[in-house]
Amino acid sequence: METNNKYDELKNNPALKNISKEKLDLLLTYVTQAEKLKQNEVMPYFLSITKKANEQGISFNDDETEIILNILKKRMSPSDIKKIDMIKNLTQVISRSSKK
């Protein structure tokens, strides 16, 4: 049963030890759906699920977002992975400079 393995993998991830069952179930849904996508569909999918979660009042912290991205990156094209990494680096720079 592949879905149970993914659920256990997410559930046992130390970065997600305090995640609610609702968020964990949502993550599992996202991961399962992402596996069915073509490479060029993964980036738009990530953006849409982020928006959908926000509309439902659900937000993911940095660790949770990192886990989602790492899972989705397995299905992304190299150019999309590069874009994600560039955005992450830019976000970190902005975050550091705003703390000064």
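Analyst: A helix, as the word is used here, is a DSSP run of H or I with at least four residues, a strand is a DSSP run of E with at least two, and both are numbered from the N terminus. Glu-35 is placed in the loop between helix 2 and helix 3. This is a predicted model, in which local features need pLDDT of at least 70 and side-chain atom pairs count only at pLDDT 80 or more, while totals for chains, interfaces and linings use all residues. Residues are numbered from 1 along each chain as its sequence is written, and side-chain values use heavy atoms, with hydrogens and water left out.

User: Why is Glu-35 called partly exposed?

Analyst: Buried means under 20% relative accessible area, exposed means over 50%, and partly exposed is what lies in between, for a 1.4 Å probe and protein chains only. Glu-35 has a relative accessible area of 39%, which falls between those limits, so it is classed as partly exposed. In space, its C-alpha lies 9.0 Å from that of Lys-74, although the two residues are 39 apart in sequence.

User: Why does Lys-23 count as buried?

Analyst: The relative accessibility of Lys-23 is 16%, which is under the limit for buried residues, and therefore it takes that name. Lys-23 lies in helix 2, and it is listed among the buried residues of that helix together with Leu-24, Leu-26, Leu-27, Leu-28, Tyr-30, Val-31 and Ala-34. Contact here means heavy atoms within 4.5 Å, and, leaving aside neighbours within four places in sequence, Lys-23 is in contact with Ile-58, Ser-59, Phe-60 and Glu-64.

User: What makes Met-43 buried and Pro-44 partly exposed?

Analyst: Met-43 has a relative accessibility of 11%, so it falls on the buried side of the limit, whereas Pro-44, at 46%, falls in the range for partly exposed residues. Met-43 lies in helix 3, and so does Pro-44. Not counting residues up to four places away in sequence, Met-43 touches Met-76, Asp-80, Lys-83 and Ile-84. The C-alpha atoms of Met-43 and Met-76 are 7.0 Å apart in space, with their positions 33 residues apart in sequence.

User: How do you know that the span of helix 3 agrees with its number of residues?

Analyst: The expected span of a helix is 1.5 Å times one less than its number of residues. For the 17 residues of helix 3 this gives 24 Å, and because the end C-alpha atoms are 25 Å apart, the two values agree. Helix 2, with 14 residues, reaches 20 Å from its first C-alpha to its last, close to the 20 Å expected. After helix 3 comes Gly-57, whose phi is positive, near 80°.

User: What makes a set of residues a nonpolar core, and which residues have the most contacts inside the largest one?

Analyst: A nonpolar core is a set of buried Ala, Val, Leu, Ile, Met, Phe, Trp, Tyr and Cys residues joined through side-chain atoms within 4.5 Å. The largest such core has 26 residues, and Leu-10, Phe-60 and Leu-72 have the most contacts inside it. Helix 2 (21–34), helix 3 (39–55) and helix 4 (62–73) each supply at least two residues of this core, and helix 2 gives the most, with seven. Leu-72 touches Ala-34, Val-42, Tyr-45, Phe-46 and Ile-49, when residues up to four places away in sequence are not counted.

User: Why is Ser-20 called partly exposed?

Analyst: Ser-20 has a relative accessible area of 32%, which is neither under the buried limit nor over the exposed one, and so it is called partly exposed. Its place is in the loop between helix 1 (2–11) and helix 2. The C-alpha atoms of Ser-20 and Glu-9 are separated by 15 Å, the two residues being eleven apart along the chain.
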